[in-house]
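User: I'm new to this one and would like a close look at a single spot, with some of its surroundings for context. Could you take me through it slowly?

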Amino acid sequence: MGHTKYYLLLLFLSLFVAGCTSAQKEKKYVIGVSQCMLDDAWRQAMVREMNIEASNYDNLEIIVKDAHSNNDIQIGQIRELIAQKVDVLVISPFQSTPITAVAEEAYRSGIPTIITDRKVNTDQYTTFVGADNYDIGYAAGSYADKYLPQNANILEIWGLQTSSPAQERHQGFVDALMKRSDLSFKKVEGEWVYDTAQIRLEKLERPFKVDFVYSHNDMMAIAAREYFMKYYPEIGAGLPIIGVDAVAGAGLEAVADGRLNASFMYPTGGEQVIRAAMQILNGEKVDKYIPLQTGEVDKQSAKTLLIQAARLQNYQQQIERQRVNLEQLVGRFNFLQNSLGIITLLMVGFIILSVYTFTIYRKVRVTNQELRETNRKEEEQRKKLISLNAEIKEVTAQKLQFFTNVSHEVRTPLTLILGALERLTRLMYDSPYLSDLQLMQKNADRLLRVINQILDFRKVENKQEKLKIRQGDIIAFSKEVKSYFESMASVRHIDYTFVSDCKQMEMWFDPDMMEKILVNLLSNAFKFTPEGGTIKVVVTEDRNKLLIKVEDSGCGIKPENITYLFDRFYTDGGQVGTGIGLHLAKEYVQMHHGDIFVESTPGEGTVFTVQLLKGKEHFADGYVTELPISPLAYDASQLDDTNEKKMLLEKYPYTVLITEDDDEVRHFLEEELQSNFKVLVASNGQEALDIVKNEEVSLVLSDVMMPVMNGFELCRLMKTDLAVSHIPIVLLTALSDERQRNFGISGGADEYIQKPFRINYLKIKLIRILEERRKLREQLQQKLEKGDYSLDEPEKVATMDDLFLRRFIECIEEVYTDSSYNIEKLSDTLGLSRGHLHRKIKELTGTTPVDFLRNFRLSKAAALLRQHQLTVSEVAYQTGFSSPAYFTKCFRAVYEVTPSEYK
């Protein structure tokens with residue numbers, strides 16, 4: 001009985017304490033906020049600042065209403081807040097005049113009313129919190145005045161024309177530029193919204209001239225930058241554009257990343273609004289106008305403000321989490337304080353549950369031990385399987401790498417074989433052995449195809465092959481590939497036909513891969529079709545698909561072998577081949593998202609069917625490159641090779657340095673090229689580097705894989721050495737990897753040619769490179785002879801040689817008036833020996849440095865003579881000539897008149 005009384009007394013005391021605690025709670029205040037819109041970063045930042053400041057007060061609740069830029073909606077929402085009898089009403093008007101009446105209504109109802117951002121046309125409110133928009137406009141005008149040229153055209157992008165901020169920002173801007181009577185203004189009404197500003201800018205008549213853009217907020221300024229980048233790219237990046245707001249989430253980022261040149265901070269005032277509201281609620285006096293500070297924000301300060309904003313947001317998130325945790329702890333404390341009996345029952349239940357949990361835990365622990373043992377055994381088995389799989393992959397990769405390496409090694413001797421055969425066939429066109437030579441060349445070409453097939457297979461296996469699709473007529477393309485085998489069909493008396501149910505069909509496909517697919521299928525058809533047989537290529541349309549069939553009357557394929565026909569390395573019994581041709585064909589078809597089928601009857605024939613999808617929607621993956629549309633190649637018999645023969649018969653005044661470690665290839669190239677060029681040879685990159693530094697070399701033809709120094713390293717060293725960077729480099733290689741090709745080109749190589757190559761193709765490539773260089777040199781020489789020494793070409797990326805030549809001319813510009821200044825001093829200034837400087841300037845401009853300096857002085861002298869202000873002697877001394885007599889001699893040699901006559 002005594003214990004019962006004790007428990008009842010304890011329960012009574014707990015309820016009493018809980019009641020007292022509840023009575024001591026602070027009164028809850030509600031602040032209603034009517035926002036004209038919440039779809040822009042500035043107003044979102046205002047609400048965020050309000051919530052941050054409100055988190056400092058436990059007795060404060062904020063209700064935010066979004067009017068979606070609609071006066072009627074905002075009026076209705078304000079009346080809802082009045083009806084709710086909020087303790088303080090905050091209004092950010094959409095338009096001043098329509099909102100004035102309802103703001104007065106709220107104030108007269110006894111609710112303290114705070115106006116922020118935009119003013120209303122009355123003084124019946126408690127306080128106004130906001131920055132001075134006129135001062136912001138004036139500061140923007142002062143900023144603009146520093147960057148505006150004479151007779152400048154200014155584009156001003158307005159906010160909502162009827163709103164007070166837009167009017168005040170405009171007036172301040174105009175007043176700041178009042179002294180500039182030469183300015184012209186163009187107006188666009190963006191209504192504060194990015195999308196509206198974009199639409200209004202698009203409606204402007206183009207073209208129009210603009211030198212400066214002033215936007216009433218940052219979002220419209222960003223829209224302006226995008227508009228000028230789209231329609232006026234030549235001025236879009238450099239056009240000065242400024243905005244107003246400088247708030248994180250829009251304007252600050254735009255200033256920091258350079259889209260805006262500057263912005264003028266228009267503080268949201270969210271923190272000050274809540275502070276003013278709390279002063280009112282606490283009975284403290286507030287001023288009728290609470291001004292907010294503003295200022296110019298450039299790129300550096302924008303970055304700093306963004307960092308500060310990120311830190312503040314992080315701090316706020318931490319504070320918010322701590323506040324939530326604190327509220328949870330307080331709630332728990334109150335719950336425990338008012339529910340002692342429940343806690344006791346829960347404790348008893350917890351003890352019972354703990355005992356039960358402990359029992360279950362022991363059972364689970366035993367079960368887990370058994371499961372862990374089972375998992376351990378399975379993990380050991382999995383590791384063994386992974387290890388075996390890795391070993392299998394490694395062995396397979398080693399085999400493939402071996403074949404690839406062998407293929408690369410074969411390319412070099414094959415270059416010599418094909419080159420020699422091509423020359424013999426050309427020289428022995430009427431020899432009785434011509435047929436034997438043609439047979440040798442045919443089989444050498446076949447060997448090249450097999451090698452390329454192995455390398456293509458390696459690329460597919462390593463996922464390095466990438467589709468390069470273009471739109472073309474698949475019917476005409478198939479006919480062209482079919483024509484490759486016309487002569488073979490004629491020799492073997494095979495009935496070889498092409499059938500199509502439509503004349504033309506535009507398809508998206510990779511021409512190179514599709515050619516390999518059809519060539520492989522036709523090669524197999526001719527391989528297994530006897531003399532006098534038939535081979536037919538049939539192209540048909542099936543709704544959204546295209547079918548290409550290759551039918552033959554050959555020996556056919558056994559049914560049990562068809563399943564394995566497209567497997568890699570598969571060959572049928574005693575058939576000779578690599579077993580990768582059909583595998584590659586299937587891989588290429590599947591890369592086109594198509595399929596390939598085979599139907600065969602032993603003794604009757606075989607039909608291979610390639611099925612392709614129309615359109616290009618199915619090519620939406622990362623391994624596709626779209627190429628420009630190009631017509632099919634002309635028939636070789638229709639090509640006029642007169643110009644080619646003429647080029648190959650000429651002797652050119654160029655020196656080609658052959659760099660090749662293989663003696664036979666080097667000798668072959670030397671023998672072939674010396675009929676067109678002067679030839680020097682080197683066996684590795686280091687020898688070549690020594691030669692180009694001491695000899696006049698027009699072009700370097702280099703192998704890639706060499707001892708001592710390879711071709712890539714030679715290319716890199718030459719293109720980074722000012723003395724020889726102007727010499728073009730052509731790389732020869734047996735490597736077929738496109739990444740290696742890209743590496744060579746990015747290192748400065750002018751061309752990248754794979755072995756084996758046709759010697760005439762190589763010669764024409766070298767001739768074209770050297771002749772193009774000559775034409776560019778002649779164009780530059782003509783330009784310099786006219787006295788035009790400006791080398792700026794906006795659309796051209798400046799090379800090391802362009803930069804060197806520009807520096808060379810700048811040095812001459814600085815010292816040409818000094819008659820004692822000579823080429824020795826100039827070579828010291830540029831960091832080159834006199835010989836290197838002579839060769840480089842001669843190669844780049846067609847003249848020697850001495851002639852270049854003299855011609856430069858003469859062009860300056862001619863310009864002074866045309867001004868008729870100085871005597872001939874004065875002109876001579878001012879342009880660096882040692883005497884008037886020498887000046888007259890040089891002038892007459894170039895202009896064919898004396899200075900006096902020219903004047």
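Here's the spot I keep coming back to: is Arg 543 buried or exposed, and what is its relative accessible area?

Analyst: Arg 543 is exposed, with a relative accessible area of 72%. The cut-off for that label is over 50%, so 72% earns Arg 543 the word "exposed". Keep in mind that we're looking at a predicted model.

Now for where it sits. Arg 543 belongs to the loop that links β16 (534-542) to β17 (545-552). Its backbone has a quirk too: phi is near 55°, a positive value, and this residue isn't a glycine.

Asn 151 makes a handy companion. Its phi is also positive, at about 55°, and it isn't a glycine either. You'll find Asn 151 in a loop as well, this time between α5 and β6 (153-158). With 53% relative accessibility, Asn 151 counts as exposed.

While we're on loops, have a look at the one between α7 (194-202) and β8 (212-215), which holds Pro 207. The peptide bond joining Arg 206 to Pro 207 is cis, with omega at about 0°.

Let's step back to see the whole chain. There are 903 residues, and 43% of them are buried. They're arranged with 32 helices and 25 strands. If you take the contacts between residues at least 6 apart in sequence, 70% of them join residues at least 24 apart.

A few helix residues show how that plays out. Start with Asp 145, which lies in helix α5 (residues 133-145). It's partly exposed, at 33% relative accessible area. Setting aside residues up to four places away in sequence, Asp 145 touches Leu 177 and Arg 180. Leu 177 is 32 residues from Asp 145 in sequence, yet their C-alpha atoms are 6.7 Å apart.

Val 491, in helix α16 (residues 486-491), is another one to click on. It's exposed, with a relative accessible area of 63%. Along the chain, Val 491 and Glu 531 are 40 residues apart, while 8.9 Å separates their C-alpha atoms.

For a contrast with Arg 543, try some buried spots. Leu 826 sits in helix α27 (residues 823-830), and its relative accessible area is 1%, which makes it buried. Not counting neighbours within four places in sequence, Leu 826 is in contact with Phe 808, Cys 811, Ile 812 and Tyr 821. Its C-alpha atom is also 9.2 Å from that of Val 815, eleven residues away along the chain.

Glu 53 is a charged residue that's tucked away. It's part of helix α2 (residues 41-54) and counts as buried, with 8% relative accessibility. Beyond its neighbours within four places in sequence, Glu 53 is in contact with Glu 271, Ile 274 and Arg 275.

Cysteines give us two more buried examples. Cys 36 has a relative accessible area of 0%, and Cys 502 is buried at 17%. As for disulfides, the count comes to zero.

Next, scroll along helix α12 (residues 299-338). With 40 residues at 1.5 Å each, it should span 58 Å, and its end C-alpha atoms are indeed 58 Å apart, so the two values agree. Its buried residues are Ala 302, Gln 316 and Gln 337.

Finally, here's a pair of helices packed together. Helix α29 (residues 849-867) meets helix α31 (residues 884-895) at an angle of about 90°, with 11 Å between their axes. That angle is why α29 counts as roughly perpendicular to α31. On the α29 side, the contact is made by Arg 854, Asn 855, Leu 858, Ser 859, Ala 861, Ala 862 and Leu 865. The α31 side brings Tyr 886, Phe 887, Cys 890, Phe 891, Val 894 and Tyr 895. Sorted by type, the residues of this contact are ten nonpolar, two polar and one charged. Notice the spacing of the numbers as you read them. An α-helix has 3.6 residues a turn, so residues three or four places apart point the same way.

So, back to your spot: Arg 543 is exposed at 72% relative accessible area, and it sits in the loop between β16 and β17.

Key
Residues are numbered from 1 along each chain as its sequence is written. This is a predicted model: local features need pLDDT of at least 70, side-chain atom pairs count only at pLDDT 80 or more; totals for chains, interfaces and linings use all residues. Side-chain values use heavy atoms; hydrogens and water are left out. A disulfide is a pair of cysteine sulfur atoms within 2.5 Å. Buried means under 20% relative accessible area, exposed over 50%, partly exposed in between (1.4 Å probe, protein chains only). Helices (H or I, at least four residues) and strands (E, at least two) are DSSP runs, numbered from the N terminus. The expected span of a helix is 1.5 Å times one less than its number of residues. Axes are lines fitted to C-alpha atoms, for helices over the stretch in contact, and angles run from 0 to 180 degrees between N-to-C directions. Angles under 35 degrees count as roughly parallel, over 145 as roughly antiparallel, 65 to 115 as roughly perpendicular and the rest as oblique. Contact means heavy atoms within 4.5 Å.
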